[in-house]
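Open the model in your viewer and keep the selection panel at hand. Where should you click, and what is there to find?

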Amino acid sequence: MTAQLIKGAEVAAQIREELQKEVAELKAKHNVVPGLVTVLVGADPASQVYVGAKEKTSKELGIYSERYDLPEKTNQAELLELIDKLNKDPKINGILVQLPLPKHLNEGEVLYAIDPKKDVDGFHPVNVGKLMIGKPDYMPCTPAGIQQLLIHSGTQIEGAEVVIVGRSNIVGKPIANILLQKAPGANATVTICHTRTRDMAFHTRRADILIVAAGKPKYITADMVKEGVVVIDVGVNEIGRTAEGKRILAGDVDFETVKEKAKAITPVPGGVGPMTITMLMMNTVRAAKVAAGLA
Ligand code: NAP
């Protein structure tokens with residue numbers, strides 16, 4: 001068996017097209033323009049690329065976009081003051097603080113200062129809690145994107161044995177909560193594995209759907225999966241550079257061997273990655289609709 005490729009870029013493009021129409025309609029019918037602000041502290045090159053991509057996508061979809069590039073030496077009080085101002089700004093529906101923040105800043109305090117109604121990253125404890133009790137408002141973008149990939153690829157989620165490798169607050173735990181919801185596109189039986197899991201292969205071999213977010217290149221090998229598994233590889237690992245200095249990336253799954261046993265699999269790059277920004281845009285549009293009393 002050679003697996004069907006689950007191409008995140010194609011699914012993302014499809015969702016973006018629908019969002020673009022929705023944004024145009026919101027403006028034409030209700031004079032509502034969703035607004036997203038990105039806040040970057042310091043000059044980390046990777047963060048600059050991510051923030052630039054978010055700004056570009058906002059503009060393409062007709063979402064109003066603002067960007068704050070703050071100096072590395074920005075202190076906690078200054079950052080909190082900006083968040084407070086943005087919380088009160090009616091043009092802004094979504095606030096995204098690009099992580100990681102410089103070490104001298106208290107990340108938790110900054111994220112908690114964002115109004116949960118504008119928390120389009122879904123990291124505020126109020127939104128984490130709402131997801132936990134089955135009443136999600138804003139779901140974290142990467143996990144929400146993974147659910148969309150499973151739905152769009154026609155994967156049977158209800159009743160499936162889902163095994164997740166990784167228990168981070170940004171991927172592992174939220175995707176477990178999302179697929180556990182008593183709701184369409186969920187209702188799975190979920191197992192979460194981590195570094196203290198006793199027999200990893202025992203669990204991964206049971207999976208109908210295997211989601212790997214460990215940050216370990218090619219960790220999951222063909223002998224660790226069963227025939228017909230659907231594999232979502234979240235890992236993005238730099239394993240070298242080309243002669244021209246371009247990054248060579250690998251996922252957490254040994255793609256070449258696992259694809260021979262899997263029913264469907266995401267490539268790296270081009271799988272989960274393109275979905276994250278798209279889900280951020282979806283959350284921003286939703287926030288604007290909620291603020292305007294339309295959702
Ligand atoms: P993280 O915070 O470092 O968490 C990694 C998790 O994997 C931890 O729970 C860790 O277990 C577990 N783990 C690590 N090595 C393991 C092993 N050998 N066996 C079992 N479990 C192991 O990472 P993250 O932020 O969730 O990200 C994971 C990967 O996804 C990274 O490669 C990251 O770059 C990628 N990522 C991609 C996107 C995207 O495509 N948009 C978004 C987010 C993350 P313990 O808890 O026991 O330490």
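The stops below go through helix packing, a pocket and some backbone details. Keep in mind that this is a predicted model.

**Stop 1: H1 against H2**

Select helix H1, residues 8-30. Add H2, residues 45-61. H1 and H2 pack at an angle of about 55 degrees, and their axes are 9 Å apart. At that angle H1 counts as oblique to H2.

Now show side chains. Which residues of H1 meet H2? They are Arg16, Leu19, Gln20 and Val23. On the H2 side, pick Thr57, Glu60 and Leu61. Colour this contact by class: three residues are nonpolar, two polar and two charged.

**Stop 2: H2 against H10**

Keep H2 and hide H1. Add helix H10, residues 273-291. The angle between H2 and H10 is about 55 degrees, with 10 Å between the axes. H2 is therefore oblique to H10. The crossing is right-handed.

For the contact, select Ala53, Lys54, Thr57, Ser58 and Leu61 in H2. They meet Ile277, Leu280 and Met281 in H10. By class, that gives five nonpolar residues, two polar and one charged. Leave Thr57 and Leu61 highlighted: they take part in the contact with H10, and they also meet residues of H1.

**Stop 3: H6 against H10**

Stay on H10 and bring in helix H6, residues 141-152. H6 and H10 pack at an angle of about 105 degrees, with their axes 8 Å apart. An angle from 65 to 115 degrees counts as roughly perpendicular, so H6 is roughly perpendicular to H10.

Select Cys141, Thr142, Ala144, Gly145, Gln148 and Leu149 in H6. Their partners in H10 are Met275, Thr276, Met279, Leu280 and Asn283. How many residues of this contact are charged? There are no charged residues here; six are nonpolar and five polar. Leu280 is worth a label, as a residue that meets H6 and also takes part in the contact with H2.

**Stop 4: the largest pocket**

Switch on a surface. The largest pocket has a volume of about 1,400 Å³. It is lined by 42 residues. To centre the view, select Tyr50, Thr142, Val236, Gly273 and Thr276, the lining residues closest to the pocket centre. Two of these names have come up before: Thr142 and Thr276 belong to the contact of H6 with H10.

Next, colour by element. H2, strand E4 (94-97), H6, strand E10 (247-250) and H10 each give two or more residues to the lining. Which element gives the largest share? H2 does, with six residues. Then colour by class: the lining has 26 nonpolar, ten polar and six charged residues.

**Stop 5: backbone details**

Return to sticks and go to Pro100, in the loop between E4 and helix H4 (107-113). The peptide bond from Leu99 to Pro100 is cis, with omega near 0 degrees.

Move on to Pro269, in the loop between strand E11 (264-265) and H10. Is the bond that joins Val268 and Pro269 cis or trans? This bond is cis, with omega about 0 degrees.

Finish at Asn31. Asn31 lies in the loop between H1 and strand E2 (35-41). Its phi is near 55 degrees, a positive value in a residue other than glycine.

Definitions and conventions. Residues are numbered from 1 along each chain as its sequence is written. This is a predicted model: local features need pLDDT of at least 70, side-chain atom pairs count only at pLDDT 80 or more; totals for chains, interfaces and linings use all residues. Side-chain values use heavy atoms; hydrogens and water are left out. Axes are lines fitted to C-alpha atoms, for helices over the stretch in contact, and angles run from 0 to 180 degrees between N-to-C directions. Helices (H or I, at least four residues) and strands (E, at least two) are DSSP runs, numbered from the N terminus. Angles under 35 degrees count as roughly parallel, over 145 as roughly antiparallel, 65 to 115 as roughly perpendicular and the rest as oblique. A crossing is left-handed if the near helix is turned anticlockwise from the far one by less than a right angle, and right-handed if clockwise. Contact means heavy atoms within 4.5 Å. Ala, Val, Leu, Ile, Met, Phe, Trp, Tyr, Cys and Pro count as nonpolar, Asp, Glu, Lys and Arg as charged, and the others, Gly among them, as polar. On a 1 Å grid over the protein atoms alone, a cavity is a set of points where a 1.4 Å probe fits but cannot get out, and a pocket is an open set with protein on both sides within 12 Å along at least five of seven lines; lining residues have an atom within 4 Å of a point. Grid points are joined across faces, edges and corners, and a volume is the space filled by probe spheres set on the points.
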